[in-house]
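Reader: I'd love a close look at one part of this model, with the neighbouring pieces explained as you go. Please pick a good place to begin and take it slowly.

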Amino acid sequence: FQNDTEIHVTLQGTADNGLTYGAKIELEADVTADPDDPRSNNNADKTYLFLESGFGRLELGNNAGVEHLLKVDASTIARATGGAD
């Protein structure tokens, strides 16, 4: 068995003018420190603030790259059916 346990915290609100704002934090819950790898004890996977309106969305902080966020492939289409993994 292999675990990839994460804790996701999402904060979101909407201002009176319709502007949506918030933050997202993703923490790795099963982190094991490796003295040879300085990145192994990092437990924050994604941390960012966002602002969203009719003009689009602005994200500031550490998030997945655009090549991951905008990728469309078979898993995007058949994810709910269990067809592609």
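Author: Happy to! Let's begin with a nonpolar patch, to which strand 3 and strand 4 (56-62) each supply at least two residues. This is a predicted model, in which local features need pLDDT of at least 70 and side-chain atom pairs count only at pLDDT 80 or more, while totals for chains, interfaces and linings use all residues. Residues are numbered from 1 along each chain as its sequence is written, and side-chain values use heavy atoms, with hydrogens and water left out.

The patch is made up of Tyr21, Leu49, Leu51, Leu58 and Leu60, and together they have about 480 Å² of accessible area on the surface (Shrake-Rupley method, 1.4 Å probe, with only the protein chains shown counting as cover for residues). To join a patch, a residue needs over 30% relative accessible area and no salt bridge; nonpolar side chains (Val, Leu, Ile, Met, Phe, Trp, Tyr) are joined within 5 Å, like charges within 9 Å. Leu51 is a good example: this residue of strand 3 counts as partly exposed because its relative accessible area is 39% (buried is under 20%, exposed over 50%, partly exposed in between, with a 1.4 Å probe and protein chains only).

Strand 3 also takes us to a charged pair. The side chains of Lys46 and Glu26 form a salt bridge, with 3.6 Å from N to O (the rule asks for a side-chain nitrogen of Lys or Arg within 4 Å of a carboxyl oxygen of Asp or Glu). This bridge ties distant parts of the chain together, since Lys46 sits in strand 3 (residues 44-53) and Glu26 in strand 2 (residues 20-28), 20 residues apart. Both Lys46 and Glu26 are buried; for Glu26, that is because its relative accessibility is 5%. Lys24 joins Glu26 and Lys46 in a network of salt bridges. Beyond its neighbours within four places in sequence, Glu26 touches Glu6, Ile7, His8, Asn43, Ala44, Asp45 and Lys46, where contact means heavy atoms within 4.5 Å.

Next comes Arg57, which has two acidic partners. Its side chain meets that of Glu59 at 2.7 Å, N to O, and that of Glu52 at 3.1 Å, N to O. Arg57 counts as partly exposed because its relative accessibility is 40%, and Glu52 and Glu59 count as partly exposed too, at 32% and 31%. Arg57 also lies over the face of Phe50, 4.0 Å from the ring centre (NZ of Lys or CZ of Arg must be within 6 Å of that centre and within 35 degrees of the ring normal).

Stepping back, the structure holds four salt bridges. The protein chain has two helices and four strands, in the order β-β-β-β-α-α from the N terminus; these are DSSP runs, numbered from the N terminus, with helices (H or I) of at least four residues and strands (E) of at least two. Of its 85 residues, 13% count as buried. The chain exposes about 7,000 Å², and carbon and sulfur atoms supply 53% of that. Among its contacts with a separation of 6 or more, 24% come from residues 24 or more positions apart.
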